[in-house]
Amino acid sequence: MPDPRGWAGLDDPAQAPEREGSPTYPFAVHPPEYIAQRLTEIDRTSAENLLLALTDDCCTLSNLKRFTESEEELRAMARTILARYGDAATYHTNVSRPGPVPGTLDFTTSHWGYNPLSDVYSEDCGLIVVSDTEVGMFWNFSDY
């Protein structure tokens, strides 16, 4: 389905044979109650950091050095993506990196976890953004 705003999309696995039998691939089919128990609402700053952390396996910010853009340029890109959903959007994640304040994530700690929503990959970490008109999902899947 094309993006309603005309933004370019990238979904290489959409053509994968695995998708033929399972339109939710690589996510497992779970009832809403199961998913709700595995998601935590986070603040916008944590969502911005999480978008950047999802570019790396193990959900860290240490990989930002690999990019040619500066950290501030990368943060501006993350803010642009989140701005798409408006100021009233809510942010949810299956990542557990509890910050000092409820609803925040701490990317300085080496201790973290996640509540998997995939039956295919050994690690799956993501961000779900919910607005009045759309839902966006940003995910990193890894296999070790």
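**View 1. Helix α3 is a helix with little of itself on show.** Of the 10 residues of α3, 8 are buried, so this helix is largely enclosed by the rest of the structure. The buried ones are S46, A47, E48, N49, L50, L51, L52 and A53. What lies over them? The cover for the buried residues of α3 includes β1, α4, β2, β3 (95-96), β5 and β6. Keep in mind that this is a predicted model.

**View 2. Here α3 meets α4.** Helix α3 covers residues 44-53 and helix α4 covers residues 71-83. The two pack at an angle of about 115 degrees, and their axes are 9 Å apart. Their crossing is right-handed. Which residues make the contact? On the α3 side you'll find R44, A47, E48, N49, L51 and L52, and these meet L74, R75, A78, R79, I81, L82 and A83 from α4. Sort the residues of this contact by type and you get 8 nonpolar, 1 polar and 4 charged. If you're tracing the helices by eye, remember that an α-helix has 3.6 residues a turn, so residues three or four places apart point the same way.

**View 3. Four strands line up in an open sheet.** Read across the sheet and the order is β1-β2-β5-β6, with antiparallel pairing. Which strands stand at the edges? They are β1 (40-42) and β6 (135-142); each has a single partner strand, so one side of each is left without a neighbour in the sheet. From one strand to the next, the twist averages 25 degrees. As for what links such strands, they pair through backbone hydrogen bonds, either parallel or antiparallel.

**View 4. Strand β5 pairs with β2 and with β6.** Strand β5 takes in residues 123-130, and 4 bridges join it to β2, the two running antiparallel. Look for T90, whose bridge partner in β5 is V130, and for T93, which stands opposite L127. With β6, β5 pairs over 8 bridges, again in the antiparallel sense. A hairpin through 4 residues takes the chain from β5 to β6. Is β5 enclosed or open? In this strand 7 of the 8 residues are buried, so β5 is largely enclosed by the rest of the structure.

**View 5. C125 is a buried residue of β5.** C125 sits in strand β5, and its bridge partner in β6 is N140. How buried is C125? Its relative accessible area is 1%, and buried means under 20%, so C125 counts as buried. Setting aside neighbours within four places in sequence, C125 touches L54, C59, N94, V95, W112, Y114, F138, W139 and N140. Now find L50: C125 and L50 are 75 residues apart along the chain, yet their C-alpha atoms are separated by 9.3 Å.

**View 6. How far can you trust each part of the picture?** The mean pLDDT of the protein is 87, with 86% of its residues at 70 or more. Where is confidence highest, and where is it lowest? It peaks in strand β2 (residues 90-93), at a mean of 97, and bottoms out in helix α1 (residues 17-21), at 66. Where pLDDT is low, don't read the predicted coordinates in detail.

How values were computed: Residues numbered from 1 in each chain as written. Predicted model: local features only at pLDDT ≥ 70, side-chain atom pairs only at ≥ 80, totals over all residues. Heavy atoms only, no water. pLDDT = per-residue confidence, 0-100. Pairing = 2+ DSSP bridges. Axes fitted to C-alpha atoms, helices over the stretch in contact; angles between N-to-C directions. Buried < 20%, exposed > 50% of the residue type's maximum accessible area, 1.4 Å probe, protein only. Contact = heavy atoms within 4.5 Å. Left-handed = near helix turned anticlockwise from the far one by under 90°. Nonpolar A, V, L, I, M, F, W, Y, C, P; charged D, E, K, R; others polar.
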